[in-house]
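Dear colleague,

I am handing over the structure below, and my notes on a few of its helices follow it. Please read them alongside the coordinates.

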Amino acid sequence: MTEKTHEFQAEVAKLLHIVAHSLYSQKEIFLRELVSNSSDACDRLRYAALTAPDLIEDDPDFKVVLEIDKEARTLTISDNGIGMTEQEMIDNLGTIARSGTSNFVKDLNEDAAKDVSVIGQFGVGFYSSFMVADKVTVTSRKAGSDTAHTWSSDGHGSFTIDTAERAGRGTTIVLHMKEDAAEYLDPHRVRSVVKTYADHIALPVILKATEEDGEDETLNTASALWTRPKSEISDEQYTEFYHHVAHAFDTPWITLHSKVEGVIEYSLLLFIPEQRPFDLFNPERSSKLQLYVKRVFITDECEELIPPYLRFLRGIVDSEDLPLNVSREMLQNNPVLRKIRSGLVKKVLGELEKRASKDTDGYLAFWSNFGAVLKEGIYEDMENSDRILKLARFHSTASDTPISLADYVSRMKDGQEALYYISGDDLNALRKSPQIEGFKAKGIEVLLLDDAVDNFWLSRQSEFDGKPFKSVTRGSADLDKVKSAEEDDKEDTQEESRNLSTLIACFKTALEGQVKDVRESVRLTDSPVCLVADDGDMDIHLEKMLKAHNQFDGAASQRIMEINPKHELILKLAEKLDQDSNQSDVAEDAALLLLDQAHIVEGDPISDPVAFSQRMARFMTSGL
Ligand SMILES: Nc1ncnc2c1ncn2[C@@H]1O[C@H](COP(=O)(O)OP(=O)(O)OP(=O)(O)O)[C@@H](O)[C@H]1O
């Protein structure tokens, strides 16, 4: 066969340009990436060989071999893993296949990209070779096949594929080192890089002797990290293992390493990242936790291992009880896995509870990264919803930092019976909502729920600590039971409400068909009017959110317009009407203007902008 030339996918070409020109000082990570890929390739073959043992019969000892050739200026990384077919090389080494990653690269600007911790998140992986090499060849033979192919590229726009010879299965990568990367042709340097970044790799990483009479040297400990005693594992080794399993660059916030013994037996080494992975909100909500059985990697796509609301966890679980030849189908509804899953959930929630009380700042940072995901558990995991609710933190009118519901309850006023909240998607807008004015004036705290997921769990969880959740944009505000510091005197209120009855009647006529009712408000102090939902209707913001997600198919409920009985505008209008009943045209204009204004405050469109502006002009003219 003759050599065939292929163009890189546009995003790969862009990525390669960024990688080759990266100012990143830790170029040595290329070796970690390549050794890590080799180790993954061996893991995958070990798994495949459980059902097809002849795949590895001729060469059963998995290993990665490094070879330095100073004269040729090459560093070679070989493995006897699963290998790649011609098509797999084209796909894996010419495109970015992982979902979400491609778009991420497309939108990446070069300045941000110089920071490898940004590009590292989506796995620059194999392509990091071009940080140190100006030419890379990959020769691979798939296990079970007798043909091999060589992929070759200088990283500029295209690569070639040709047929090749390779003695056995596996992959060999030859890096032709750049002038400024000569240090990686020095055995000392290679040894130290492997020690630092790949000591946790569970198979031997061997450096071939450079001299005829020298001896090959195994550079790493070569046993699965989680099988070693905790006391023998340094923080750095944990972090490196985390980088390997999570394809991440940050330092884990929490590392959980333990062995569970009893009816079922398993080891776990779990991490909670410090930074939010870029694909956390992918619609699949899939977990990346790796499942091993007796040290053999089985899969990193096991939905049964951990619920989606803990999908930010990284790491491994190694079971002693599952059979080695467990198939993906057997993992579904498996009682052993169910027990492991429940154990993992308890362990993680327990650790989060500990941190929430001991490390408030760390916990709040965790919460801002992963809180919106963890909250999914409040409605998905009935068994643990109370625990998760206690772990949840929320913005509120009384605090600049998010608070717990226990904090909220401890600050409830005498006579206050509910936990009040307002939901929406813009925290700043929520803070300024007219519906919370009266609560603020009475010193009653209101939770500001600005995550879309809040509306979901609220539909399942009606109370906390025996007290109901109540939306401030729905139903009556029942603020009367709570006294503020300087409560207005009662007679005054009665006087004013008497004066408003004509105005309210006039407003009702003017807004017929547009609102369900017009009534006096106890929740307003500064704004003249606001809209609220009737007791039996859907909360305003919930309805809005469902509409935005095309999940609302009922007829929109009409709102109640509440008017502020102490607002100057309302009082003046009422006075005018009481003095001269011919002023009802003015009151009608005012009603329509105020309704439009209330819609604007809610961030909703107004039904007739032309009529609105004409009315506004009339009103302003009459005021001049
Ligand atoms: N030594 C190897 N043997 C077999 N397949 C390999 C080898 N190296 C790379 N691959 C294949 O190429 C793909 C792309 O590798 P690359 O390092 O770019 O990304 P990755 O390993 O999937 O993710 P990450 O970069 O985050 O580690 C791998 O998923 C794997 O399928």
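Taking 1.5 Å a residue, the 18 residues of α20 should span 26 Å (the expected span being 1.5 Å times one less than the number of residues), and the end C-alpha atoms of α20 lie 25 Å apart, which agrees. This is a predicted model, in which local features need pLDDT of at least 70 and side-chain atom pairs count only at pLDDT 80 or more, while totals for chains, interfaces and linings use all residues. Residues are numbered from 1 along each chain as its sequence is written. Helices (H or I, at least four residues) and strands (E, at least two) are DSSP runs, numbered from the N terminus.

Helix α19 (residues 568-579) and helix α20 (residues 584-601) have axes that come within 9 Å and cross at roughly 155°, the axes being lines fitted to C-alpha atoms, for helices over the stretch in contact, with angles from 0 to 180 degrees between N-to-C directions. α19 is therefore roughly antiparallel to α20 (angles over 145 degrees count as such, under 35 as roughly parallel, 65 to 115 as roughly perpendicular and the rest as oblique). On the α19 side L573, K576 and L577 meet S584, V586, A587 and A590 of α20, where contact requires C-beta atoms, placed from the backbone, within 7 Å.

Buried residues of α20 include A587, A590, L594 and D596 (buried means 20 or more other C-beta atoms within 10 Å of a residue's own, exposed 12 or fewer, and partly exposed in between, with C-beta atoms placed from the backbone). After α20 comes G603, with a positive phi near 80°.

In helix α16 (residues 452-460), D454, N455 and W457 are the buried residues.

With regards

Definitions and conventions:
Two residues are in contact if their C-beta atoms, placed from the backbone, lie within 7 Å.
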